[in-house]
Amino acid sequence: MKSYTITVNGTAYAVTVEEGACSAPAAAPVAAPVAAAGSVEVAAQVAGMVWKVVAKVGDSLKKGDNIVILEAMKMEIPVVAPEDGVVAGINVSEGDTVNNGDLIASLN
């Protein structure tokens, strides 16, 4: 099973999906998600657990401002805004486990 956090209109939902458990035919079209997505994607640089979500949707951030703080190898590792922008979506919740490269948030 894989666990995901999906943010729809600023509300995060925890979803668990069984691998290979898709009941739709392989050729069935998949609708695009309705969740707000920004033009700048912010990904995790390390695997770890989301210790604290600092920013929220709608917050204005400057380059270097904290978005979330990950806990990895008993260290707190901030995930920061790569540029100035407004938070369009937060894709994780506190306590979630993330892998290197997982989408954490998006900015406009």
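# Working chat on a predicted all-strand model

Analyst: To open with the N-terminal residue, M1 is exposed, its relative accessible area being 67%, and M1 belongs to the segment before β1. Please keep in mind throughout that this is a predicted model.

User: OK, and which residue is M1 paired with in space, 16 residues apart in sequence?

Analyst: That residue is V17, and the C-alpha atoms of M1 and V17 are 5.5 Å apart in space. V17 also takes part in a nonpolar surface patch, together with Y4, I6 and Y13.

User: How much area does that patch have, and which elements give two or more residues to it?

Analyst: The nonpolar patch covers about 370 Å², and the elements giving two or more residues to the patch are β1, residues 2-8, and β2, residues 11-17. As one of the patch residues, I6 sits in strand β1, where its relative accessible area of 40% makes I6 partly exposed.

User: Let me step back for a moment. How many helices and strands does the chain have?

Analyst: The protein chain has zero helices and ten strands, so that reading along the sequence gives the pattern β-β-β-β-β-β-β-β-β-β. The chain has 108 residues, of which 28% count as buried.

User: Can we go to pockets? How much space is in the largest one, and which element gives the most to its lining?

Analyst: The largest pocket holds about 320 Å³ of space. Two elements give two or more residues to its lining, namely β1 and β9, the latter being residues 97-98, and β1 gives the most, with four residues.

User: Which residues line it, and how do they divide by character?

Analyst: The lining is made by K2, S3, Y4, T5, N91, V92, D96, T97, V98, N99, D102 and L103. By character, the lining residues divide into four nonpolar, five polar and three charged. Y4 is worth noting here, since Y4 is listed in the pocket lining and also in the nonpolar surface patch.

User: New topic, charges. How many salt bridges are there, and what forms with D59?

Analyst: The structure holds one salt bridge, which D59 forms with K56, and the closest N and O atoms are 3.3 Å apart. As a general point, side chains of opposite charge can pair when their charged atoms come close.

User: Is K56 buried or exposed?

Analyst: K56 counts as exposed because its relative accessible area is 55%, and the cut-off for exposed is over 50%.

User: And which residue lies 6.7 Å from K56, C-alpha to C-alpha?

Analyst: That is V87, which is 31 residues apart from K56 in sequence. V87 lies in strand β8 and, with a relative accessible area of 3%, V87 is buried, whereas K56 is exposed.

User: What other pairs are there that sit far along the chain from one another?

Analyst: One of them is S106 with V40, 66 residues apart in sequence and 5.4 Å apart in space, C-alpha to C-alpha. S106 is in strand β10, residues 103-107, and counts as buried at 3% relative accessibility. Another is G95 with M49, whose C-alpha atoms are separated by 5.9 Å although the two residues are 46 residues apart along the chain.

User: Where does G95 lie?

Analyst: G95 lies in the loop between β8, residues 85-90, and β9, and at 45% relative accessibility G95 counts as partly exposed.

User: Back to the backbone, then. What is the phi of M73, and what is the phi of K74?

Analyst: M73 has a positive phi of about 50 degrees although M73 is not a glycine, and K74, likewise a residue other than glycine, has a positive phi near 60 degrees. For context, most residues other than glycine have a negative phi.

User: Where are M73 and K74 placed, and are they buried or exposed?

Analyst: M73 lies in the loop between β6, residues 66-72, and β7, residues 75-80, and K74 has its place in the loop between β6 and β7 as well. M73 counts as exposed at 73% relative accessibility, and K74 counts as exposed at 83%.

Key
Residues are numbered from 1 along each chain as its sequence is written. This is a predicted model: local features need pLDDT of at least 70, side-chain atom pairs count only at pLDDT 80 or more; totals for chains, interfaces and linings use all residues. Side-chain values use heavy atoms; hydrogens and water are left out. Patches are made of residues with over 30% relative accessible area and no salt bridge: like charges are joined within 9 Å, nonpolar side chains (Val, Leu, Ile, Met, Phe, Trp, Tyr) within 5 Å. Accessible areas come from the Shrake-Rupley method with a 1.4 Å probe; for residues, only the protein chains shown count as cover. A salt bridge is a side-chain nitrogen of Lys or Arg within 4 Å of a carboxyl oxygen of Asp or Glu. Buried means under 20% relative accessible area, exposed over 50%, partly exposed in between (1.4 Å probe, protein chains only). On a 1 Å grid over the protein atoms alone, a cavity is a set of points where a 1.4 Å probe fits but cannot get out, and a pocket is an open set with protein on both sides within 12 Å along at least five of seven lines; lining residues have an atom within 4 Å of a point. Grid points are joined across faces, edges and corners, and a volume is the space filled by probe spheres set on the points. Ala, Val, Leu, Ile, Met, Phe, Trp, Tyr, Cys and Pro count as nonpolar, Asp, Glu, Lys and Arg as charged, and the others, Gly among them, as polar.
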